[in-house]
Each structure stands twice: as C-alpha cells, then as structure tokens.
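Me: Please take a close look at one charged side chain in this protein and follow its setting outward. I would like a connected account rather than a list.

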Amino acid sequence: MGLYDEVSVAEGNKVKIPHPKTLYQTNSLDSAMRDLSIDKDGFISYNAEPERVISPLEFELYGEDHTGYHRKYLLSVIMNKIEAVWEKEDDGTYTEIYLNPGIKLAAKRMAHNMTPLHGRTSK
C-alpha cells in the first residue's frame, strides 16, 4: 500500500468538485502523506505550507463524495489555481466539470476567428 496526500474540499466551491465523504486522495504530488485543501475560490494549497506552489500542471484526485459515490477527477492547476476539472467515468472517458470562464471565452473567440478561414473555397 502506497502513501497518499489527502485533500479536503470546501463545500460550494466554484470548480464544482463535490464535498468528499471524508477526504479525497491523490498520489500525483509528492505522496508524503501531506494535507491539502481546495478552497471555495478553487485554489489548492498545502495546509502546512500555503505559499508552496503546486508544480504539476495536472493531477488526479479520487475518493468518495458526500453521497458515497466513488469519483475520479483530473485537475489542471496553474500556480495553485484550478483552471479545469474533468471527471473520469467508469468507461475511461472524461466529462468536463469545470473550465475557467476566461479560458472558455478565449477558446470560443479563437474558434470564431478561425471560421472564415475554413469557410473559404479554392478557386
């Protein structure tokens, strides 16, 4: 059995991760049995070292939510701010749970700007 970091999650957080039954776990960080927290604003930090930067850009989070349903998440984190959350389904696919609205808007704008390029026909 390996060592895991434990993650508490604030209820009603803006990144839409359900409150855990007890704690979620991750082995994507240093697996030194550290405690981390996700606050209401979607920031993740080490409880003992809140200023320490979470360096992996993505990591997994798993465990039972408050209803007892086992969940697996993939989080995208930049400078301790959770930018995106996907839930891993039992069939191996991912469902988007949260995407930073700024990133979503930028992607939409980029797609809109590219549409005229794809609509052109060669003569």
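**The salt bridge at K21 and its surroundings**

Reply: K21 is exposed, with a relative accessible area of 53%, a value that places this lysine over the 50% cut-off for that class. The model is a predicted one, and the description below should be read accordingly. The partner of K21 is E64: the two side chains form a salt bridge in which the closest N and O atoms are 3.5 Å apart. Because E64 belongs to strand β5 and K21 to the loop between β1 and β2, the pair ties together parts that lie 43 residues apart in sequence. The two ends of this bridge fall into separate accessibility classes, since K21 is exposed at 53% and E64 is partly exposed at 34%.

This contact is one of 6 salt bridges counted in the model. Another links E96 with K104, where the closest N and O atoms are 3.6 Å apart. Both of these residues are partly exposed, E96 having a relative accessible area of 42% and K104 one of 44%. Elsewhere, salt bridges with shared partners join R34, E49 and R52 into one network. Within that network, E49 and R52 meet through their side chains at 3.4 Å, N to O. E49 is partly exposed at 33%, and R52 is likewise partly exposed, at 29%.

The loop that carries K21 lies between β1 and β2, and these two strands are themselves paired. They run antiparallel and are joined by 3 bridges, β1 spanning residues 5-9 and β2 residues 24-26. On its other pairing, β1 meets strand β3 (residues 35-38) in the parallel sense, over 4 bridges. E6 takes part in both pairings: its bridge partner in β2 is Q25, and its bridge partner in β3 is D35. The two faces of β1 are unlike in cover: D5, V7 and V9 make up the covered face, while E6 and S8 make up the uncovered one.

V9, on the covered face of β1, leads on to the interior, for it is one of the residues that I17 touches. The other contacts of I17, leaving aside residues up to four places away in sequence, are Y24, I38, L61, Y73, L75 and V85. The largest nonpolar core has 19 residues, and I17, I38, I44 and L75 are those that touch the most other members. At least two residues of this core come from each of β1, β3, β4, β5, β6 (70-78) and β7 (81-88). The largest share, 3 residues, is supplied by β6. β5, the strand that holds E64 of the salt bridge with K21, is thus also among the contributors to the core. In soluble globular proteins, nonpolar side chains tend to be buried together.

Some nonpolar side chains of this model nevertheless lie at the surface. V53, L57, I78 and M79 form a nonpolar patch there, with about 410 Å² of accessible area together. L57 sits in the loop between β4 (44-46) and β5 (58-64). This leucine counts as exposed because its relative accessibility is 58%.

Definitions and conventions:
Residues numbered from 1 in each chain as written. Predicted model: local features only at pLDDT ≥ 70, side-chain atom pairs only at ≥ 80, totals over all residues. Heavy atoms only, no water. Patch = residues over 30% accessible without salt bridge, like charges linked within 9 Å, V, L, I, M, F, W, Y side chains within 5 Å. Areas by Shrake-Rupley, 256 points an atom, 1.4 Å probe, with all protein chains shown as cover. Salt bridge = Lys/Arg side-chain N within 4 Å of Asp/Glu carboxyl O. Buried < 20%, exposed > 50% of the residue type's maximum accessible area, 1.4 Å probe, protein only. Pairing = 2+ DSSP bridges. Core = buried A, V, L, I, M, F, W, Y, C linked by side-chain atoms within 4.5 Å. Contact = heavy atoms within 4.5 Å.
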